[in-house]
Structures are given as C-alpha cells and as structure tokens.
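Here are my notes on this entry, set out as numbered points. Please read them with the coordinates open.

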Amino acid sequence: MEPATSNSIVSLRDVGKTFDSGVVALAGLSLDVHAGEFVSLLGPSGCGKSTALRIVAGLSAPTRGAIEWPQGRAAKSATGEIGFVFQEPTLMPWASVARNVELPLSLAGTGSGKARDAVATALAHVGLEDFAAAFPRELSGGMKMRVSIARALVTEPRLLLMDEPFAALDEITRFKLNNDLLSLWQALRRTVIFVTHSVFESVYLSQRIVVMTPRPGRVFAEISIPAPYPRDERFRTSADYAGYCRQVAETLAAAMEQGA
Amino acid sequence: MKKGMSERILRVALPALLLVIVVAAWDAVVRLFAIPAYVLPSPGLVFGALVEDRALLFDSLLVTLGLTFEGFFLAAIGGIVLAMAFNQWRLVEYSFYPYAVILQVTPVVAIAPLLLIYLPQHLAVLACAWIVAFFPVLANTTLGLNSVDHNLVALFDLYKASRWQVLTRLKLPAALPQILTGLRIAGGLSLIGAVVAEIAAGSAGAGSGLAYRIAESGYRLNIPRMFAALLLLSLAGVAIFLVLSALSHLVLRRWHESELRAEN
C-alpha cells in the first residue's frame, strides 16, 4: 500500500467497522483527503458513510485498518482540530445561541474574553451576529443549522466533518446554505468532508466525490468535479452541472447494483 | 385572543361556581335534616372554628409545613444525588435500586409505627416524609439523566469533556424538566408522609401538627375543628403544588417544549 501523499490531512487505510451485532458497516475503506479540499462521501443510507465520518472524528473506533494523520494527529492529541456538524442541529435547548457556540471553548477552559471574540467571529461567519442571545427554539431549522456550523468553526478546526447537515431542510433553505457553505469554505480554506445522499448537492459543492457501495460500504469510484469556484446559481442550471450530475448518478446506480 | 380570554375565565369561573353550589347544598342539607354538629357541622360552623381556633391551628400548620419542607428538602437532595450516583456508577445502581423500589412499594402507613418505636417523634415523621417523597425524585432524575440526546453526548466526547463536565454541563441541565416533575410530585407526597406519621404518632405521643389536631379533635368530637384542620391541610397541599409549578415554569420558560405556547 502506498504511503499517504504529503499534502493529505487524513488517510484511511482499509478501514473496516463491524458492530457488536455482527452488522458490517464498513468493509475496507481507503481514502486520502487533501488539505484544503472539499470532498463528499456519496452513497445510499446504510453504506457506512456516517460511520466513516465518526471514525475520522475519533467518536468510533475502527475494527480493522488504520487512520493516518500525515500532518500530525488531530483527533486524539488536541481538541478543536476537528469540527463536526450532525444531521440534526444538536443544540443545547437550555442555552442561548452564544453559549451553544461557545461550548467547545468553555469545555477546553478557554478564557472568556478570548472565547467571546471567537464566538462573535463564528456567528459573523454564518450571518447570525444579531441572534447571540436567542434560544434555539426561537430559530428556524436553517438558522439552527447555522448555529451548529458556527459551533463547529469556533475552534478554527483544520478539518470540518459534516454528516448530511442539510438533509432535513427545505430546498430553498438548503440551496442558500449550500452557497453560504461554499463562500465560507473559500474564505476560510478549511478541509471539508461532506456526507450526503444527494447527487445534486454533492456535485454542486465538491471538488471530488467518493461514491460508496451499500452494505458493506467501500469505495466504488472517485469522481472529480473540475468546475471552477465560486459556484453560484448559474452553475446549478448549467449544462456542465447537468452533465456531472448524470455521470455521478450513473456511477451511483452502478454502485448500487454491485452492492445488491 | 378573545377565545383564549373566555377560555381562561371559564377555567376559573366553573370550579368557583361548583364550590358555591356544593357549599350551599351542604348548608341546606345540614339545616333541612337538622344534622347535629358532631356528625356534620355546617360550613358556617367550620369557618367559625377556623377563625376561633386560628392561633392553635396556624401553629399546627406551621409545624406540619416545617416537617413537610424538611422531608421534601432531604428527599430532593437524596433523590438527585442518588440518581447522579446511579448514573455514574452502574454498580451503585445495581446495589441500591431494588431497595429504593422496596422502600417505595411498602405502604408508609405500615412503616410509620415502627419508625416511631426506634426514632424520636420528630425524626420519625421526617423519615416518613422522606421515604414517600424521595422515590419520584430519584426515578424522574434517573430517567432524565439517561435520556440525553446521544448526538450531544458525542459532541461532548469530540471536545474531550470530562465525566464531570458531561454530568454538570449536559446531563443535569437536560434532566431539569424531569427533575422538576419529580419535585412537583414529591412536594405533595412529603405532605402526605408527614400527615401519615403524625396520625400514627397521634395515639402514641404528644404532637402538635395539623394531622395530630385532626386526630385529637376526633377523639373530642370537635368535628368543626376537624374540618377546619382538614381544610388547612388541603390548602397547604395546593400551595405546595402551586409554588413548585411556578418554580418549574420560571426555570423552563425560556427553552422547554412544555412551556411553549401555540403562538405561531
């Protein structure tokens, strides 16, 4: 097996996960993620893409294979090098927006002055400066997800992991958040691993799409989307976009067939 | 808006109307059948006893309320601390939980006379109040601590939160609604526990609480005072419930679903 290339931020080497129940969620996933890259894991539900993300985050241990951090280990040695956005906003309902965003810093014991600045910056990134004192239940679904993204960004992580973050939102809100996420990514240059089951969303956002097979999950194909950034609504209606979507959809269909 | 207003007026007016009807019927029955006061006193006599014996009755009320509050306070602390210990150390839960259940399912009326043998009266009454009140706090707090959003647990895990941070910053706040439910139930139960113990002690030793007054008035066939004391006990129970409900509302109103009005 070839060593990880020097600009990889994280490399998965034949990573497998079998749950105690005997269910094989991942059967040998190998993947290099490069620094600054926007990569999507695309596959049907049950293909282990969320499991892969949790393993990268260190929330779950692989039952075989290894994870390498060529630029220094992020997951275990230091907190705040990884930001995680869940499918649901996962906010503490008893805490204000600012307190929710501040959580990673306060758990690490960051001084309050420094934390306040970081929270303000993170909230500004997602356009919620005016909602610092609001409580989660006062916000719409899209705004809650923005708070969740701000919380993931507040530690200025090198790697941002997103687990189908926009799947539960309506299409108009999802498109808006797609655009905002791309602007953020271009401004901050973080590495993003984005899990989705939407062909259209993965093509719109990613530089590279990793198509996975269902049950057990492994990499079926990698497709690069060379369309230039910034991408906007014009890209969404372009012939290029339609072409990429067809290519990815066909690959996904082939992956499903192989898995079945 | 208008519908909400009339709804609220109805919710106050209907029970008040029912009260007036029942009291009037009670008075009419007593007059009509000329029932003697030692069998069923008229509402007027009960009210008279309440006014006449107010010094005695209010002193007794304070004694009972004091015991109830002490029992409730100890039950709240005991229930919450024990639930936290259960949550942190499974072996503690396995060891103690069955006995907590046994303590709960054994009728307190049956335990009270035994406690009165082994403990001074004040402590025995306190113990009864504690025994009946602590279990709902324990059970509800345990439920709350165990039903935390698993993604939030993963988030705390991701940021390397310590066990203490997970408990104090995540599990306890998440369990607040259930803890407050437990406390609301415990408030009423600790009054019941105190009353049961006082009644059990009534025939045995000197007491001065409201329940003791009821027992004593019963022996003396002072039925109006019995009713007056009973009325005060009910009012005390209602007051405890209202205070704890208000506390729950104050704590949860900013964030919890149960406090969410259908405003949009």
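1. Start with helix H5 (residues 108-118) of chain B, bearing in mind that the model is predicted. The buried residues of this helix are B:Val108, B:Ile111, B:Ala112, B:Leu115 and B:Leu116. Seen down the axis of H5(B), they fall within an arc of 140 degrees, so they line one face of the helix.

2. What does the other face of H5(B), turned away from the buried side, carry? There sit the exposed residues B:Ala110, B:Leu114 and B:Ile117.

3. Next, the contact between the chains. Chain A puts in 16 residues and chain B puts in 17 residues. On the side of chain A that touches chain B, the elements giving two or more residues are strand E5 (82-85) and helix H2 (97-107) of chain A. By class, that side of chain A has twelve nonpolar, two polar and two charged residues.

4. Now the domains of chain A. Domain 1 covers 1-81 + 159-260, and domain 2 covers 88-156. Taken over C-alpha atoms, the centres of domain 1 and domain 2 of chain A are separated by 25 Å.

5. The two domains of chain A also touch. Ten residues of domain 1 and eight residues of domain 2 take part in this contact. Which helix gives the most to the domain 1 side? Helix H5 (residues 171-188) of chain A does, with three residues. By class, the side of domain 1 of chain A that touches domain 2 has seven nonpolar, three polar and no charged residues.

Methods: Residues numbered from 1 in each chain as written. Chains lettered and ligands numbered in written order. Predicted model: local features only at pLDDT ≥ 70, side-chain atom pairs only at ≥ 80, totals over all residues. Contact = placed C-beta atoms within 7 Å. Helix = DSSP H or I, 4+ residues; strand = E, 2+ residues; numbered from the N terminus. Nonpolar A, V, L, I, M, F, W, Y, C, P; charged D, E, K, R; others polar. Domains from an automatic or database assignment. Buried ≥ 20, exposed ≤ 12 C-beta atoms within 10 Å, placed from the backbone. Arc of directions from axis to C-beta.
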